[in-house]
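Here is a short tour for anyone meeting this structure for the first time. Have the sequence and the 3D view open, and let's walk through it together.

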Amino acid sequence: MLVTRQRILRRFWYPIIPSDRLDGKPHPFTLLGTNIVLFRDARGAPHALIDRCCHRTARLSQGWIEAGNIVCPYHGWTYAGDGRCVRIPQRPDGAPGKNIAVEAFRCCERHGVVWVALEEPLRDIPDLPEYDDPAYRRVFEFYEPWDAPGLRIMENSFDNAHFSFVHKASFGIIDDPEPVPPRLEPHPAGFVMYADVPVKNPEIQKANLGITADRTMRHYEKTWWMPFSRKMKVTYPNGLVHIIMTLTAPIDDRRSQVIQFLLRSDSEADAPAENLVRFDRQVTHEDRAVLEQCDPDVPLAMAGELHMPTDQPGLEMRRMLARLLAEHGEAEVRGDHAHADRGRLARSCA
Amino acid sequence: MLATHQPVLRRFWYPVMPVDRIEAGPQPFTLLGEKIVLWRNADGAVVALADRCPHRSAALSKGWVDGNALVCPYHGWSYDASGTCVRVPQRPDSNGLRGRVVPSFACTERYGHVWVALDEPLAAIPDWPEEGASGYRRIDQFYEPWRCAGLRLMENSFDNAHIHFVHRNTFGDINDPSPPQPTIEPLPYGFVARSDVPVYNSDLQKKNLRDDSAFTVRHITAHWYMPFLRRLHIRYPSGLDHIIITAATPIDDERSQIVQFCFRSDSEADAPASDIIAFDRRVTEEDRAVLEGTDFDVPLDMHSGVERHMPSDQPGLVMRRLLLELLAAHGESEQTGHYASRAAAE
């Protein structure tokens, strides 16, 4: 599936940037291949416009903010958050003519993140009650582009069979490669998956978790936020809750912008944030190294790749996405190379 | 307009390279998507051939010059200035091949640069009297590729309204954004625009112009030579001439090779060339940052709805109209991706 070619994907909210990183300057972003610019108005509300002045196509993101409006760097045409041109400095009174505007997109702020939808969203941004619950602290982990599509990142995150291999140096047990089948349940955001997974407990994690044993158990409750985000809630045997929010936005057919933060039921005195980030970074680097080498054009149909029972959550994502496309009259769009790959795979399996 | 899709644009002279670069050996260049090789033969002529050996398609620019011939690096087949193969080393008894087997292009040397026209030129290379005239010096300034269409740079250079914003840190006064309107006089294959532009006089310019005023006036006589060449003659109140020649030679649809040099009526003792280049460099970088963010597929039809306009855009809109007329006169219509992409969206 080439995400920029599936129009229905424009009808979701995507997490673009952590709120505190959108300051007084315009911020350029590419969402599903569309160049946009984000900025805050005088009241601090975020806005997203097409990053292209309607006069001579200059990048508005190279301009600056004046009284909550964005000023084009080329001739100073100035736009409000709703895309309306409010000033043309070369006109005697500065007043623009009627109907001069650039395209504006829906933009909002939730869970400490600025979100954008290119077209009318099919559903709301899912709730995250722990974000506002004082029993949880927030720990920012990272904000960076990955050279991998969101679907690969999502499948990976719900795939309990990769721990023993990809994460053998951190928490995976390579001698125990057969995961217990997870339980999937419907959820308004996508689906929720429950699983209990035994893991290694290295020194850094002993301190982070307050668990001294060499192995421990993770009780997973992972929620897929269709299409490309997840909430991963891990409860440890001692009652500690470690929630990893991994929110991704599709830049283009290959790349994703990833925001990751934690919600933890303990305190900084129990486990310094720095050490939590250090361990999770080790784990995400392990994933990233593998995912960035996979084919970005993930097939939604069963054909095209081989499968095993533990792939079930990922296959469910593919099924649900295929159904979404079908419901909106779209066929899956794939790159030219995909046909060649399919042919090769068919021959090698024959 | 997608430049490589308009054949009539092949019928203009473009400066492609400073001559000193070809003294070291054959050099490759891409002009309107056409790969060419530039070299100087033993007779001293500059030559432009297609950069492709007809034998196994090797790049001739990777080869070397032997007398009046260019030698292919792959098997040594050799070509003269007309593109005729004069030697096939594997057939020592022959004198090469019959016919011109490598396309050759009009090529000449002027103003310290090699100029090429891919098809028969419609207009001559302009005569600039300052070249070699006493009282004037020529300073070579820039030679670099930009990721933008040539037309964007041409419009920018005749657009008095961008100065206040793009050049607010060098010579534009952002507090006075109303642009002076130039007068435009048509010429064959181009026009000349005249205007007086008040500008801020920075510290570096105070030295370069030998003028301590906080503000000065540029008396501008600017020539546009179709399609992507301009001469910007700035005369300062002191009588000093600063004449900038800028070409945006089209590499392909998205990229232009910027060739810039200037003529000055003062001497090295008055203002060192390095300081003059330094100021023009800052100004040029300001333009480049903005222009490389623009869409290379500039719409020629001003009513296409792709772009909005204002009165100060007039010089650029005249360029668009004259280019449309040029296309029509040669049986072409504007080739663009805008209508296709809009149709796809609808």
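## A pair of strands, and what surrounds them

Let's start with two strands of chain B: β4 (residues 46-50) and β9 (residues 104-110) pair in the antiparallel sense, over two bridges. If you want a spot to zoom in on, try B:Ala48, whose bridge partner in β9(B) is B:Phe105. Keep in mind while you look that this is a predicted model.

Now zoom out a little. The two strands belong to an open sheet of six strands in chain B, with the order β1-β10-β9-β4-β3-β2 and antiparallel pairing. At the edges sit β1 (14-18) and β2 (27-31) of chain B, each of which pairs on one side only. On average, neighbouring strands of this sheet are turned by 30° against each other, direction ignored.

Next, the domains. Chain B is assigned two stretches, domain 1 (11-117) and domain 2 (137-322). Their C-alpha centres lie 34 Å apart. Where they meet, 12 residues of domain 1 of chain B are in contact with 13 residues of domain 2 of chain B. And which strand gives the most to the domain 1 side of that meeting place? That would be β1(B), with four residues. Both β1 and β2 of chain B supply at least two residues each to this side. By class, the domain 1 side has eight nonpolar residues, four polar ones and no charged ones.

Chain B also touches chain A: 15 residues of chain A are in contact with 17 residues of chain B. On the chain A side of this contact, you'll find seven nonpolar, six polar and two charged residues.

So what does chain A look like as a whole? Here are some of its numbers.

| Property of chain A | Value |
|---|---|
| Secondary structure | six helices and 17 strands |
| Span of the C-alpha trace along its principal axes | about 75 × 60 × 30 Å |
| Residues that count as buried | 37% of 350 residues |
| Share of contacts with a separation of 6 or more that join residues 24 or more positions apart | 59% |

One last check on chain A: how does its radius of gyration fit the expectation for a compact globule? With 350 residues, such a globule would have a radius of gyration near 20 Å, and chain A has 22 Å, so the two agree.

Definitions and conventions:
Residues numbered from 1 in each chain as written. Chains lettered and ligands numbered in written order. Predicted model: local features only at pLDDT ≥ 70, side-chain atom pairs only at ≥ 80, totals over all residues. Pairing = 2+ DSSP bridges. Axes fitted to C-alpha atoms, helices over the stretch in contact; angles between N-to-C directions. Rg over C-alpha atoms; globule rule 2.2 N^0.38 Å. Buried ≥ 20, exposed ≤ 12 C-beta atoms within 10 Å, placed from the backbone. Contact = placed C-beta atoms within 7 Å. Nonpolar A, V, L, I, M, F, W, Y, C, P; charged D, E, K, R; others polar. Domains from an automatic or database assignment.
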